[in-house]
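Please open the model in a viewer and keep the selection tool at hand. The tour proceeds from one selection to the next.

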Amino acid sequence: MSIVVTGATGQLGRLVIEQLLTTVPADGIAAVVRSKEKAASLAARGVEIRIADYDRPETLADVFRAGDRVLLVSGSEIGRRVAQHTAVIAAAKAAGVAQLAYTGVLGGPDADFQLAAEHKVTEQLILDSDLPYTLLRNGWYTENYTANLAPVLEHGAVVANAGDGRIASASRADLAAAAAAVLTGEGHLGAAYELSGDVAWSLAEYAAVVAAATGKEVTYTNVPAATHREILVGAGLPEGLAAILVDVDEAIGRGLLAGTSGDLARLIGRPTTPLAETVAAAVSAG
């Protein structure tokens, strides 16, 4: 039996493996990746590398073993994820895995924004498969904001159409630690966890945190949805992605990413990483 992480060279998957390596021998961990070269550093540490591609179901046939505990990290290609996830679920069922954990979205079936649609379908596919499961409904990553500090600092503004909505974000490292906890612990089968930060914050508060961390004037500018979409497209984003991000902001305005269930802190055994800490780390990293 191995603990298997798909998408293991991605931003979340790699952090999950790093967390697992603190408590699990490397030879008990398997990384499912598309590129052997990208996984070279994991292989050098003793992690087993299994090559597969979500888009090629035949490559998944021998990736899982009976008794494996598997983390399905959701695909990153919006619009293709249902087919990709279907292939992984089918392979996991054929192998007889002992657990299939899935990184979904906060709110599960109640999330009514576009980005949640494929996650909701995937959750239902998992339920219909009769596999032993754990649903990890991840909230918004704090890094979704801190990764875009450069334009914020250039213009002195956080621009969005989220109104006064609040976001209970969490760091990727926190969410990776939660995934590792359910893969190594007991009592998580059949559970659905709403994973969010301990404190929900507004974009005005975020702007103030960035200003404090950088010593620069930064304010929050709320704009109409159509205007925000034009700004994003003008910055080079594809129209489809811009529409999805605008839709997420509208969901934030409706309070759909503000929930603070406490599930994440309970799973990782500590408070979640404060917004200011993640911002400070991003500023220090340049």
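**From the sheet to the cores**

Begin by selecting residues 69–72 and 99–105: these are strand 4 and strand 5, which run parallel and are joined by four bridges. Within this pair, display L71, which stands opposite A101 of strand 5.

Next, extend the selection to the whole sheet. The model, which is predicted, shows seven strands in an open sheet with parallel pairing, and their order is 3-2-1-4-5-6-9. At the edges are strand 3 (48–51) and strand 9, each of which pairs on one side only. From one strand to the next, the twist averages 20°.

Now add helix 7 (172–184). Helix 7 packs on the sheet and touches strand 1, strand 4, strand 5, strand 6 (133–138) and strand 9. The direction of helix 7 makes about 155° with that of strand 4.

Turn then to the nonpolar side chains. The largest nonpolar core has 36 residues, and V16, I17 and L71 have the most contacts inside it. Elements giving two or more residues to this core include strand 1 (3–6), helix 1 (11–20), strand 2 (29–33) and helix 11 (263–268). Helix 7 gives the most, with eight residues.

Centre the view on V16. Which residues does V16 touch, not counting those up to four places away in sequence? They are V5, L71, A176, A179, A180 and L183.

Finally, select L149, W201, L203 and V210. These four belong to a second, separate core, which has 30 residues.

Terms used:
Residues numbered from 1 in each chain as written. Predicted model: local features only at pLDDT ≥ 70, side-chain atom pairs only at ≥ 80, totals over all residues. Heavy atoms only, no water. Core = buried A, V, L, I, M, F, W, Y, C linked by side-chain atoms within 4.5 Å. Buried < 20%, exposed > 50% of the residue type's maximum accessible area, 1.4 Å probe, protein only. Contact = heavy atoms within 4.5 Å. Pairing = 2+ DSSP bridges. Axes fitted to C-alpha atoms, helices over the stretch in contact; angles between N-to-C directions.
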